Amino acid sequence: MHKNRPRKRFGQNFLIDDGVVSSIEKAVSPAPTDHVVEIGPGLGALTRELLSSGCRLDAIELDRDLRAPLLAEFSINERFRLHQGDALTFDFSSLKRSDTPLRVVGNLPYNISTPLLFRLIDLDGIADMHFMLQLEVVQRLTATPGERHWGRLAIMTQLHCSTQMLFEVPPSAFNPPPKVQSAVIRLVPHAAPLFPSTDRDKLARLVTAAFAQRRKTLRNNLKGLLNEAQIASAGADPSVRAEVLDLATFVRLTEALGTGQP
């Protein structure tokens with residue numbers, strides 16, 4: 001193990017299980033023509049596997065102390081570039097060298113995973129994303145209508161991407177072991193917007209209201225936004241709970257808000 005120890009303030013949990021590293025590399029399956037971006041390479045366990053494919057790889061690492069060991073091992077590879085910075089503010093468009101889309105990979109610190117994910121799905125030119133996340137977050141991202149994890153996170157993500165949980169990862173695969181189970185997820189941006197005319201801010205507002213109190217009905221949770229007739233006109237039963245509605249129905253409810261809504 002390298003002398004660098006995981007830092008709590010960076011939310012670091014270094015991946016140390018070779019089997020898990022290999023499984024992630026196989027899931028990504030990079031080709032020599034691919035341009036991969038790795039967020040948080042840490043000690044380089046996954047970096048090593050990804051580069052063995054011959055792909056071009058840009059790594060973004062926040063911890064300055066990891067720069068030297070990463071460069072010592074990988075700078076000899078002309079297809080590797082290391083960037084010191086915060087992924088939440090990093091200019092991903094600056095990495096583009098051609099029309100080749102970016103493939104983003106990372107073992108994300110759990111404290112930034114959701115805001116970073118929403119930042120990335122807003123960007124153009126990303127082919128797919130493979131992330132290690134807290135299992136519960138992955139369950140919420142991949143949920144479908146009627147499941148207990150179905151809610152705002154799934155709806156707002158699946159508006160832009162297809163989501164798939166690939167496999168779970170135990171705490172023992174990391175140093176230090178996190179207190180929660182992890183999982184690897186694949187997100188693929190839709191080739192074309194599913195609902196191009198949808199006002200995303202209005203959708204987010206409506207979905208937040210619909211799930212504000214999960215045990216209450218649409219009639220109660222959407223009071224002040226839509227009346228029963230408007231809910232019914234969107235093809236939804238006012239007496240049901242939000243958890244049974246699919247994405248398309250939430251879009252129709254958003255359209256029912258009308259142009260007069262802020």
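**View 1. Arg 48, a partly exposed residue with a relative accessible area of 40%**. Welcome to this predicted model; our tour starts at the side chain of Arg 48. Which residue forms a salt bridge with Arg 48? The partner is Glu 73, and the closest N and O atoms of the pair are 2.6 Å apart. This salt bridge links distant parts of the chain, with Arg 48 in helix α2 (residues 45-51) and Glu 73 in helix α3 (residues 67-74), 25 residues apart. Glu 73 has a relative accessibility of 36%, so this residue counts as partly exposed, the range from 20% to 50%. As general background, side chains of opposite charge can pair when their charged atoms come close. Across the whole structure, a search finds 7 salt bridges.

**View 2. Arg 103 and Asp 128 form a salt bridge**. Here the closest N and O atoms lie 2.9 Å apart. The pair joins distant parts of the chain: Arg 103 belongs to strand β5 (residues 102-107) and Asp 128 to strand β6 (residues 126-134), with their positions 25 residues apart in sequence. Are these partners buried or exposed? Arg 103 has a relative accessible area of 11%, so with a limit of under 20% this residue is buried. Asp 128 is buried as well, with a relative accessible area of 11%. Look also for Asp 34, which is linked with Arg 103 and Asp 128 in a network of salt bridges.

**View 3. Leu 102 sits in strand β5**. Strand β5 covers residues 102-107 and also holds Arg 103 from the previous view. Leu 102 is buried, with a relative accessible area of 4%. How far apart are Leu 102 and Arg 56 in sequence and in space? They are separated by 46 residues in sequence, and their C-alpha atoms are 10.0 Å apart.

**View 4. Glu 243 and Arg 214 meet in a salt bridge between loops**. The N to O distance between these side chains is 3.9 Å. Glu 243 lies in the loop between α9 (228-233) and α10 (247-256), while Arg 214 lies in the loop between α7 (200-210) and α8 (218-221); the pair links distant parts of the chain, 29 residues apart. Glu 243 counts as partly exposed at 22% relative accessibility, and Arg 214 is partly exposed too, at 31%.

**View 5. Phe 90 and Phe 92 are both buried**. The structure holds 3 aromatic pairs. One of them is formed by Phe 90 and Phe 92, whose rings are 5.5 Å apart from centre to centre, with 75 degrees between the planes. Why is this pair called edge-to-face? Planes over 60 degrees apart count as edge-to-face, and the angle here is 75 degrees, so the pair falls in that class.

**View 6. Cys 55 and Cys 161 are buried cysteines**. The relative accessible area of Cys 55 is 1%, and Cys 161 likewise counts as buried at 1% relative accessibility. How many disulfides does a search of the whole structure find? The search finds 0 disulfides.

**View 7. Ser 29 and Pro 176 offer a look at the backbone**. In general, most residues other than glycine have a negative phi, and most peptide bonds are trans. Phi of Ser 29 is near 50 degrees, a positive value. Ser 29 is located in the loop between α1 (18-28) and β2 (35-39), and counts as partly exposed at 48% relative accessibility. Turning to Pro 176, the peptide bond that reaches this residue from Asn 175 is cis, with omega near -5 degrees. Pro 176 has its place in the loop between β8 (174-175) and β9 (182-189).

**View 8. The second largest pocket has a volume of about 370 Å³**. Its lining is made up of 19 residues, and Ile 121, Leu 159, His 160, His 190 and Pro 193 lie nearest the centre. How does the lining divide into nonpolar, polar and charged residues? There are 12 nonpolar, 4 polar and 3 charged residues.

**View 9. The whole chain contains 10 helices and 9 strands**. Stepping back, the C-alpha trace spans about 65 × 40 × 30 Å along its principal axes. Of the 262 residues in the protein chain, 45% are buried.

Key:
Residues numbered from 1 in each chain as written. Predicted model: local features only at pLDDT ≥ 70, side-chain atom pairs only at ≥ 80, totals over all residues. Heavy atoms only, no water. 1 Å grid on protein atoms, 1.4 Å probe; cavity = no way out; pocket = protein on both sides within 12 Å on 5 of 7 lines; lining within 4 Å. Points joined across faces, edges and corners; volume = space filled by probe spheres on them. Nonpolar A, V, L, I, M, F, W, Y, C, P; charged D, E, K, R; others polar. Salt bridge = Lys/Arg side-chain N within 4 Å of Asp/Glu carboxyl O. Helix = DSSP H or I, 4+ residues; strand = E, 2+ residues; numbered from the N terminus. Buried < 20%, exposed > 50% of the residue type's maximum accessible area, 1.4 Å probe, protein only. Disulfide = S-S within 2.5 Å. Phe/Tyr/Trp six-rings, centres within 6.5 Å; stacked < 30°, edge-to-face > 60°.
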